[in-house]
Amino acid sequence: MKKVMSMVLSIVMLITMLSVGFSVQAAGKSSIYKYCAVYEKDDEGHYVIVQKPESYFDSLTTVYNYYDENTNTLYIKGKGEIPFTYLSLDNKPVNEDGIDEDYEWDYPTIGDPDISETFGKLEEVKHLVIEDGITSVGIKAFANSLPNCETLTLPSSLKRIGVNAFSDCGFKSVNFSKGIEKIDAYAFCDCKNLENFALPNTLKSIGVIYGCDALEEIRIPSSVKGNASIVYCNSLKTVVFGQKSGVILTEFGGSAVHGCPNLESLYILQKTLKKLDWTKIKPDKFFNNNDSFEVNDYYSCPSILNGCPKATLYAYSGNYDYIKAAKWRKINYRLLDAPKAVTKLKAAKVTANSIKLTWKESKNATFYKVQRYYYGKKKWETLANVKGTSYTVEKISSASTYKFRVKPVNKTKATYEAGKYAYVNATTKPAMTKNVKVKKSAGKLKVSYSKVKNATDYQIYIKTGKNGEYKKAGTTTKTAFTTAKLKKGKNYYVKVRARKKVSKGKYTYGAYSKEIAIKI
């Protein structure tokens with residue numbers, strides 16, 4: 001009886017102390033409730049609320065708060081840790097894993113109707129700013145207390161956020177500064193309005209991300225060394241695990257991501273992960289419909305993307321166990337490996353001012369980077385990124401040699417893996433010979449024409465009669481040519497083409513000129 005009376009007295013004193021609500025401090029500061037009670041275990045190991053004098057509280061922390069009513073901004077100032085349940089409306093104790101501790105007696109919390117009204121101004125807060133000097137946020141420090149707070153700004157001095165520290169708050173965005181190292185489980189549990197959650201690359205560990213229904217993308221940085229889980233985030237579309245961050249997948253059914261019905265892509269960027277012991281796995285009991293998370297049979301095989309029926313797994317071939325699990329569960333998957341170099345790269349069609357390049361498809365390639373070498377600049381430049389297996393280079397000079405290279409690229413929202421280049425040289429054809437003129441003189445034909453750019457020489461062809469067969473009359477490097485003596489009274493037809501020497505004994509030829517008819 002004495003114990004019960006003592007507890008009732010403690011609760012009454014706590015309620016009396018809380019009733020101060022907002023108070024005006026020195027220098028015109030409006031301070032929101034300074035927590036002056038703690039949880040302690042009694043002789044039987046149960047948690048009870050114990051009233052402490054303010055001097056005791058001050059010996060534990062140098063943290064205080066300031067509320068700017070003009071901007072609806074709550075500032076947390078000071079040094080060290082923001083204490084356990086500092087402004088929380090949820091004082092039920094938890095351990096570091098986010099699990100509720102056992103307790104025997106009910107006790108009032110700030111969220112109870114008879115005392116929560118003294119904290120009405122917490123509902124007015126739109127912005128929470130934790131200033132430099134704060135190094136950690138204690139367990140449930142702000143749990144359930146800021147339903148309309150839209151932004152949270154964290155300092156670079158902050159190293160750790162405790163379990164359920166900001167659970168059930170109304171944040172739309174969290175602005176992390178570099179410096180944060182650890183985010184404990186459920187730190188942002190059921191922050192259903194949270195849209196912006198860009199984690200910095202100083203983060204080393206992160207616990208369960210739970211119930212953030214407005215989030216569409218989460219990227220776990222490569223700096224995170226341990227496992228991480230993302231569960232029941234209804235709007236989530238993309239999850240990316242960095243190159244070093246761990247992913248939960250065991251023979252007992254652990255799943256890195258589950259219960260996210262609109263998830264489209266899960267990226268695992270590690271090149272290799274620890275192999276599973278497949279001797280412990282029983283593939284005879286597993287479900288393939290991927291539409292329910294409330295099924296116990298999945299514990300007998302490695303699970304992945306439970307309750308994410310729209311998702312595709314993106315992984316490197318080194319993560320064989322993940323791919324095998326995806327196959328078992330009939331989940332779509334795509335490899336992130338770099339494609340092999342293209343084969344059979346060639347100049348399939350060449351004209352005077354264009355070259356069509358073709359090649360054989362390379363597995364896993366999402367596009368092909370086509371580059372040209374510029375001799376004057378002495379460097380390669382990209383012409384295009386092509387999804388197909390051909391590309392036509394246009395508006396280039398006639399009778400000129402060009403150097404090209406093509407490499408396959410496997411690009412996703414989270415990765416860029418490129419294969420090796422394949423190379424090819426090609427020479428465009430000379431332009432068509434123009435302004436051809438033919439004159440007769442002493443039984444011979446004198447042929448003249450305009451110079452063709454970069455041409456090595458010219459070939460002159462003549463035929464007798466409309467239905468005759470063209471025969472080469474001669475080759476010259478000049479822009480004029482005189483035939484041998486021809487028979488009189490005959491009709492002759494003349495045409496000319498330029499050619500360009502590519503290599504020893506090998507030429508590329510321009511188009512024939514228009515046919516010219518003349519009678520001797």
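Between which two strands does the loop with Asn 72 lie? In this predicted model, Asn 72 belongs to the loop that runs between strand S5 (64-68) and strand S6 (73-77).

## Two loop residues with positive phi

Asn 72 is not a glycine, and yet its phi is positive, at about 55 degrees. With a relative accessibility of 22%, Asn 72 counts as partly exposed, because buried would require a value under 20%.

Lys 344, found in the loop between S23 and S24, is likewise a residue other than glycine with a positive phi, in this case near 55 degrees. Its relative accessibility is 64%, so Lys 344 counts as exposed, a class that begins over 50%.

## A parallel pair and its crossover

Strand S22 (residues 312-315) pairs with strand S23 (residues 332-335) over 4 bridges, and the sense of this pairing is parallel. Within the pair, Tyr 333 in S23 is the residue that stands opposite Leu 313. To pass from S22 to S23, the chain goes through helix H4 (residues 320-328), and the resulting β-α-β crossover is right-handed.

## An open antiparallel sheet

Farther along the chain, the strands S24, S25 and S28 form, in that order, an open sheet of 3 strands with antiparallel pairing. Strand S24 (346-350) and strand S28 (390-394) are its edge strands, each of which pairs on one side only. From one strand to the next, the twist averages 25 degrees.

S24 and strand S25 (residues 354-358) run antiparallel and are joined by 4 bridges; for Lys 349, the bridge partner in S25 is Lys 356.

Definitions and conventions
Residues numbered from 1 in each chain as written. Predicted model: local features only at pLDDT ≥ 70, side-chain atom pairs only at ≥ 80, totals over all residues. Heavy atoms only, no water. Pairing = 2+ DSSP bridges. Right-handed = clockwise from strand over helix to strand, strands pointing away. Axes fitted to C-alpha atoms, helices over the stretch in contact; angles between N-to-C directions. Buried < 20%, exposed > 50% of the residue type's maximum accessible area, 1.4 Å probe, protein only.
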